[in-house]
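Please find below a colleague's note for a reader who is meeting this structure for the first time. The points are numbered so that each can be followed against the sequence and the 3D view.

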Amino acid sequence: MALLSYQTLKDIDYKGYILEKGAPVKVLQFGEGNFLRAFVDYWFDMANEKTGWGGKVALVQPIAQGLTKFINQQEGLYTLYLRGSENGEKVDRRRVISSVDACYNPYDPEDWEKVRSIAVSDELEYMASNTTEAGITYDPTCRPDQLPPTSFPAKAAVLLHERFLAGKPGIVFLSCELIDNNGQELKKCILQHCADWGWGEDFADYIQNDCLFCSTLVDRIVPGRIRDPKENEEMDRENGYEDQLKDVGEVFGVWYIEGPKELEDKLPFKRAGLNVHVVPEVAPYKKRKVRILNGAHTGFVLGSYLAGKNIVRECMQDDTIHSFMNKLLFDEVIPILPLDKKDCENFAAAVTDRFNNPFVDHQLMSISLNSTSKWKARDLPSLLEYQEKFGKLPAALCMGFAAYIAFYTTDMQRREADGLVNRRPAGNEYKVQDDAWALDFYWEHKDADDKTLVKDVLSNTKMWDQDLTKIPGLFDKVCEDLALIRKEGAEKAYAEAVADPEK
């Protein structure tokens, strides 16, 4: 079977959209992994089809080992599968992505020279990156004469300096790393290199005023490669070609880009009708994602596991748990978010489809890892803000808090080096994994009565950065909910929370 290439697609009479070789490189991208290929390169590919933007993306392998060889063997082509559920219907789409021009390994001197030539080209408009959370860090040991500099910000600084010296216009930089203010953090690193390397005020002014560093928020789950060899072979047979770079992502995807209004007209995404948005700031949208998507997970999975569920999809197919999640989101979280209510409701409605993905068996126990810090970041702020805004406690969030305590303390068996071993009502043992100090705290309360346990949990300032017993009614409410979970089980307790008239 022939390897995927432009000629192979012609030979099999492929009918999908393809941007032919030779189109100008308009994007220089740091990172060639599964996520960027299922996200950034997908959006540009869709823009090419829908608007005739006609731009290619050149990929830069961020570390010494990577996919350069395989990407170039396939002339930048790969098959992307977007799988999941939309409006309750199973979706399995595939598309050959042709927005990628080539990939370069900067640790190869010839490739690094090609990257430098792309950086000063007239056609280049954008740079993009996803070099992991550790990628945007300042490394004082980097030097501009290294071939190449070790860190990603140092590489970017060198390329932008060469573009500046060539008298070319500034670049729009789209940072996708999972850190707060990713674009601005990258800009800080580049300016620090500029100062350390003595590149002068003119270049610093170019970075500050001619280039635009956009912080962005990315949202798409990308499982990535196909792990089952038989499934992989079957896909190749169906496609009519061998593809070493198949990529898999969920159907849902949204990209928020922080920037001025005119950037929306410059980028090709709005014209293409894509779910990519230029916004004044991404912070509110990050809050929406953390509070709704992540907060829903943390809010319902611990009690759901005690109720006998094992994967997220099972929970969405259980009317009680699904209703509990909806109450938590629509009645308690959305009303306190600083965004358009309808927009938040649409995002929350999509959560059901995402959690009901028939292609992903998302284990509840994997979500349960480090639930103390997750509860503090994802759900506690909503609980506190709801109480402050409405003067009463949110029923579902309080029940979720009680379920968190129950998960950590149900039929405790033993403390092991990497976790607490408990036994759930179904009879099987499970391991609670968290920071050692949190596990030690719960193990030390193994024989405590529930009122003492709840009081000590709520008053633990190391857990919550505050004494939660000072929140009016919270101690009594969590004690009541925990008692209900212990006596009737988590699912019946969730049903009681849904029926609670206090909304």
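1. Aromatic pairs are a convenient place to begin, and counting ring centres that lie within 6.5 Å of each other gives 35 aromatic pairs. One of them joins Y305 and Y430 in an edge-to-face arrangement, with 5.3 Å from centre to centre and 70° between the planes. Because Y305 belongs to helix α11 (residues 283-306) and Y430 to strand β14 (residues 429-432), this pair ties together parts that are 125 residues apart in sequence. It should be kept in mind throughout that this is a predicted model.

2. The surroundings of that pair deserve a second look, since both Y305 and Y430 are buried. The two tyrosines also belong to one aromatic cluster, whose members include W375, F401, Y404 and F407, and in which Y408, F441, Y442 and W464 are found as well.

3. Turning to charge, which residues gather in a patch of negative charge on the surface? They are E201, D202, D205 and D210. Of these, E201 lies in helix α8, which covers residues 200-210, and E201 counts as exposed because its relative accessible area of 67% is over 50%.

4. R163, in helix α6 (residues 152-165), is a residue to examine from the inside of the model, for R163 is buried, with a relative accessible area of 1%. Between R163 and A195 the separation is 32 residues in sequence, and their C-alpha atoms are 17 Å apart in space.

5. Some points of backbone geometry should be checked by eye, given that most residues other than glycine have a negative phi and most peptide bonds are trans. The peptide bond from L147 to P148 is cis, with omega near 0°, and P148 is placed in the loop between β6 (126-129) and α6.

6. D13 and N87 each have a positive phi although neither is a glycine, the value being about 60° for D13 and about 50° for N87. D13 is located in the loop between α1 (6-11) and β1 (25-30), whereas N87 is located in the loop between β3 (78-86) and β4 (89-97). As for their exposure, D13 is partly exposed, with a relative accessible area of 46%, while N87 is exposed, with a relative accessible area of 74%.

Note on methods: Residues numbered from 1 in each chain as written. Predicted model: local features only at pLDDT ≥ 70, side-chain atom pairs only at ≥ 80, totals over all residues. Heavy atoms only, no water. Patch = residues over 30% accessible without salt bridge, like charges linked within 9 Å, V, L, I, M, F, W, Y side chains within 5 Å. Areas by Shrake-Rupley, 256 points an atom, 1.4 Å probe, with all protein chains shown as cover. Salt bridge = Lys/Arg side-chain N within 4 Å of Asp/Glu carboxyl O. Lys, Arg positive; Asp, Glu negative; His and termini not counted. Charge placed at Lys NZ, Arg CZ, Asp CG, Glu CD. Helix = DSSP H or I, 4+ residues; strand = E, 2+ residues; numbered from the N terminus. Buried < 20%, exposed > 50% of the residue type's maximum accessible area, 1.4 Å probe, protein only. Phe/Tyr/Trp six-rings, centres within 6.5 Å; stacked < 30°, edge-to-face > 60°.
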